[in-house]
Protein chains: 2
Amino acid sequence: MSDSRSLALHTDRYELTMLDAALRDGTAGRRCVFELFGRRLSGGRRFGVVAGTGRLLELIRDFRFGEDELRFLRDERVVDAATLDFLEGYRFTGSITGYREGELYFPGSPILTIEGTFAEAVVLETLALSVLNHDSAVATAAARMSVAAGDRPLAEMGSRRAGESSAIAAARAAYIAGFGATSNLEAGRRWGIPTMGTAAHAWTLLHDTEEEAFRSQIDALGAGTTLLVDTYDTREGVATAIRVAGIELGGVRIDSGDLPLVAAAVRAQLDELGATSTKITVTSDLDEYAIAALAASPVDSYGVGTSVVTGSGTPTAGMVYKLVARQDDAGGWVAVAKASTDKGSKGGRKAAFRVLDAGTATSELIIISDGFEDLSTAKAHPDARALQVALVVDGEPEAAHGGIAGVEAARAHHSRVREELPVRALALSRSDPAIPTVYRDAS
Amino acid sequence: MSDSRSLALHTDRYELTMLDAALRDGTAGRRCVFELFGRRLSGGRRFGVVAGTGRLLELIRDFRFGEDELRFLRDERVVDAATLDFLEGYRFTGSITGYREGELYFPGSPILTIEGTFAEAVVLETLALSVLNHDSAVATAAARMSVAAGDRPLAEMGSRRAGESSAIAAARAAYIAGFGATSNLEAGRRWGIPTMGTAAHAWTLLHDTEEEAFRSQIDALGAGTTLLVDTYDTREGVATAIRVAGIELGGVRIDSGDLPLVAAAVRAQLDELGATSTKITVTSDLDEYAIAALAASPVDSYGVGTSVVTGSGTPTAGMVYKLVARQDDAGGWVAVAKASTDKGSKGGRKAAFRVLDAGTATSELIIISDGFEDLSTAKAHPDARALQVALVVDGEPEAAHGGIAGVEAARAHHSRVREELPVRALALSRSDPAIPTVYRDAS
């Protein structure tokens with residue numbers, strides 16, 4: 001319990017060395033616009049799902065340099081005394097606009113726009129990227145699985161295959177993108193997500209016989225529970241399960257074998273035994289492709305572990321945090337961008353819209369201000385939906401995005417906006433983004 | 001700051017439902033042996049690197065159910081009152097033996113052996129797996145990069161591409177496996193890892209000219225600093241850097257372009273300018289293959305981001321936590337294992353040795369006790385190195401494995417044992433494990 005709760009040092013050292021030098025040379029107070037965006041959709045995804053925003057806003061609100069952090073920076077001579085003074089009083093007082101949590105995104109979408117002094121905005125780079133990159137990668141994979149599962153419920157049970165804190169964030173991101181439950185109890189406590197789970201193979205192995213294990217589980221959890229039937233022999237396991245629980249047994253779980261074959265055999269056996277309402281859940285190394293391959297099998301629900309918490313081959317969304325505009329000494333605004341050819345970014349402040357045709361998305365329209373026109377009223381198309389909302393105003397997070405209510409709002413928003421995707425967006429194979437990103441100058 | 005620090009609910013719900021049922025049926029007090037191991041080396045790795053052990057021991061020591069956690073479990077009716085009482089007084093009082101942190105592992109290696117009552121051991125499953133699976137995946141990828149880099153220093157700078165807490169664990173794991181530094185300040189504070197970093201592209205873009213940015217950085221950090229030279233045009237950037245800093249400039253960093261070509265051009269330019277001791281560091285999307293491809297290029301050090309913190313294609317080590325032996329009502333020991341063919345595990349307690357021939361590893365020897373013979377003296381080969389040490393004794397972690405000293409010990413141990421690997425283990429392509437796992441019965 002000796003760890004500090006502050007996330008202020010979850011920060012790359014170069015942010016503080018830049019801050020230190022900027023306080024010396026007078027540029028620290030220049031107003032800046034940083035943008036968080038993805039240059040591409042990693043992994044050949046056809047769409048991305050924004051997640052982590054609500055978590056991030058709470059972490060920014062609590063971003064403080066405490067005694068332990070300041071002592072470390074002093075002892076290690078990371079920064080000088082003036083910078084330590086600045087950090088001791090640090091509060092983010094700027095503003096953040098961006099995409100709602102649960103929103104879809106495409107290459108170049110200005111997912112977050114952070115405005116403030118250079119000093120206050122530069123130190124948030126690592127934290128903002130860590131949260132958005134991780135959570136969005138999980139949510140994007142989860143949405144693909146949700147598409148593949150159709151109406152069948154999905155439960156996230158991958159905590160053991162992710163870092164212990166990332167696991168909780170992953171449960172949250174998967175829920176936002178369409179999963180219905182998680183095995184992780186802390187995700188239930190912290191974010192209000194329904195939790196599930198009954199027994200592992202260890203439960204059966206602990207007992208002298210499978211029958212004793214099943215009987216005990218039913219005594220504790222009732223006949224509506226789900227019994228894990230594949231510890232020894234699945235056919236015998238199912239027979240024992242129904243003998244012990246009766247045909248009112250809630251469900252059986254299968255965690256091994258060739259799932260289409262095993263699911264069909266188990267369904268036939270259950271029906272033969274009269275347990276026609278007993279459900280089948282499968283949990284063995286599923287990803288979106290395996291789920292899709294089970295669409296015609298008699299499976300009632302899926303439990304997904306490794307693949308969802310690790311982004312199903314794409315464990316990070318690859319978003320970046322870039323300075324896109326700043327004031328000069330005269331107070332004028334300058335759009336800025338790195339010029340290198342392979343990583344070209346577009347400077348300037350941006351307004352983003354999803355252009356719709358009869359309710360279906362046709363493009364991501366991004367209007368760029370080279371100078372610093374007020375983009376708040378920019379709207380170029382009658383059917384365009386504005387994508388940016390206020391997330392932090394003068395340092396204060398908008399309450400609607402935080403806590404358990406924020407998670408529910410994000411989940412509902414995702415469910416709505418996914419309906420706007422064209423059909424081609426729902427295929428699982430690697431491809432280009434489902435809609436093009438179109439840039440237009442404001443002037 | 002409202003989060004509880006307890007990790008007690010970083011737990012899959014089924015662990016508590018099993019505990020609940022076991023307290024009812026009297027099996028909760030049965031002595032059990034759980035084993036944490038990998039069935040295979042994910043990603044076609046030739047060896048695995050154990051990491052996370054020191055972190056895990058501290059987390060187990062602090063694993064407590066506080067008021068918030070108990071209230072949640074009561075309100076959600078996850079467990080009954082008797083189980084809540086048990087959890088309120090929970091302390092792990094058992095013992096853990098296992099591989100040293102930094103040790104190599106292979107399929108079936110008994111990385112951790114957890115002994116205690118079913119009740120106290122079953123609830124640690126998720127936490128133990130989360131920590132070991134994440135940290136070992138990162139350490140295994142990092143070791144491959146360290147092999148590829150040879151004597152050139154490696155810095156980890158991937159915090160932004162990992163969950164905010166996993167990022168710190170990743171920095172720690174990479175350091176154990178051969179990296180020399182991290183960009184993550186919290187990893188420096190918490191685990192004593194050297195930190196590094198100077199400036200991002202935003203630093204150059206903040207200023208009116210690249211020259212002003214370089215001059216200011218040198219004023220703050222001295223001419224020994226590393227200047228990022230590729231914001232606009234790398235050739236001009238290098239020329240400006242030397243004009244401003246002189247030939248004493250510590251280094252230049254290149255973050256884009258075709259690295260072998262760019263590195264050669266920059267080296268030639270620096271030498272031409274007389275800056276023959278100015279070093280070149282490269283940081284653009286490196287993984288073990290890109291590092292290997294730069295072996296003949298004039299690069300002095302590498303900064304690695306995404307690929308190391310995400311396990312370079314294998315973000316989780318895929319280890320499992322399985323009951324392998326338990327007592328029966330008469331107090332006798334029973335070896336147990338799931339029987340399903342595709343996930344077959346070997347029951348029984350195990351002693352593990354690395355068999356060496358003239359200092360080079362030839363096999364992973366695992367001696368299995370079907371009953372419960374004392375394996376502490378098992379040794380079947382004169383050149384076999386025993387791999388298991390005491391990690392937790394009667395609930396108390398062995399101090400040598402924890403804290404900053406534990407990290408340094410793990411790093412030193414890894415460096416030593418990697419020398420035992422046969423040459424074929426050091427190739428980067430996908431393959432079978434470098435040495436076979438050989439099982440033998442104790443009797």
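1. Contacts of B:A361. In this predicted model, B:A361 touches B:R354, B:V355, B:L356, B:E420, B:P422 and B:I435, once residues up to four places away in sequence are left out. The residue sits in strand β15 of chain B, which runs over residues 360-369. Its relative accessible area is 4%, under the 20% limit, and therefore B:A361 counts as buried. B:P436 is 75 residues away along the chain, yet the C-alpha atoms of B:A361 and B:P436 are separated by 9.9 Å.

2. The loop before β15. B:A358 is placed in the loop between β14 (349-357) and β15 of chain B. Its relative accessibility is 78%, over the 50% limit, so the residue is classed as exposed. The backbone deserves a look here: B:A358 is not a glycine, but its phi is positive, at about 50°. Most residues other than glycine have a negative phi.

3. A second positive phi in chain B. B:D394, also a residue other than glycine, has a phi near 50°. This residue belongs to the loop between β17 (388-393) and β18 (396-397) of chain B. With a relative accessible area of 59%, B:D394 is exposed.

4. B:P298. This proline lies in chain B, in the loop that joins α13 (288-293) to β11 (301-304). Its relative accessibility of 28% falls between the limits of 20% and 50%, so B:P298 counts as partly exposed. Apart from neighbours within four places in sequence, its contacts are B:A263, B:A264, B:R267 and B:I280. For one of these, B:I280, the C-alpha to C-alpha distance to B:P298 is 7.5 Å, across a sequence separation of 18 residues.

5. Helix α7 of chain B. The helix covers residues 166-176 and is mostly covered, with eleven of its eleven residues buried. The buried set includes the alanines B:A167, B:A169, B:A170, B:A171, B:A173 and B:A174. B:R172 and B:Y175 are buried as well, as are B:S166, B:I168 and B:I176. Just after the helix, B:G178 adopts a positive phi of about 125°.

6. Helix α10 of chain A. Does the length of this helix agree or disagree with its residue count? Helix α10 has twelve residues (210-221), and at 1.5 Å a residue the expected span is 16 Å; the end C-alpha atoms are 16 Å apart, so the two agree. Its buried residues are A:E210, A:A213, A:F214, A:S216, A:Q217, A:I218 and A:A220. An α-helix has 3.6 residues a turn, so residues three or four places apart point the same way. The cover over the buried residues comes from both chains: in chain A it includes α9 (201-206), β8 (226-228) and α11 (234-245), and in chain B α1 (13-25). Immediately after the helix, A:G222 has a positive phi of about 85°.

7. Cavities. The structure contains six cavities of 30 Å³ or more. The largest of them has a volume of about 180 Å³. It is lined by 16 residues, and those closest to its centre are A:H134, A:P315, B:H134, B:V309 and B:P315. By class, the lining consists of six nonpolar, eight polar and two charged residues.

8. Domains of chain A. The chain is divided into domain 1, made of 13-138 and 317-441, and domain 2, which is 147-309. How far apart do the C-alpha centres of domain 1 and domain 2 of chain A lie? The separation is 38 Å. Contact between them involves 21 residues of domain 1 and 22 residues of domain 2 in chain A.

9. Chain A overall. The secondary structure of chain A comprises 15 helices and 19 strands. Its C-alpha trace spans about 85 × 55 × 35 Å along the principal axes. Of its 443 residues, 63% count as buried. Among contacts in chain A with a separation of 6 or more, 75% are between residues 24 or more positions apart.

Terms used
Residues are numbered from 1 along each chain as its sequence is written. Chains are lettered from A and ligands numbered from 1 in the order in which they are written. This is a predicted model: local features need pLDDT of at least 70, side-chain atom pairs count only at pLDDT 80 or more; totals for chains, interfaces and linings use all residues. Side-chain values use heavy atoms; hydrogens and water are left out. Helices (H or I, at least four residues) and strands (E, at least two) are DSSP runs, numbered from the N terminus. The expected span of a helix is 1.5 Å times one less than its number of residues. Buried means under 20% relative accessible area, exposed over 50%, partly exposed in between (1.4 Å probe, protein chains only). Contact means heavy atoms within 4.5 Å. On a 1 Å grid over the protein atoms alone, a cavity is a set of points where a 1.4 Å probe fits but cannot get out, and a pocket is an open set with protein on both sides within 12 Å along at least five of seven lines; lining residues have an atom within 4 Å of a point. Grid points are joined across faces, edges and corners, and a volume is the space filled by probe spheres set on the points. Ala, Val, Leu, Ile, Met, Phe, Trp, Tyr, Cys and Pro count as nonpolar, Asp, Glu, Lys and Arg as charged, and the others, Gly among them, as polar. Domain bounds come from an automatic or database domain assignment.
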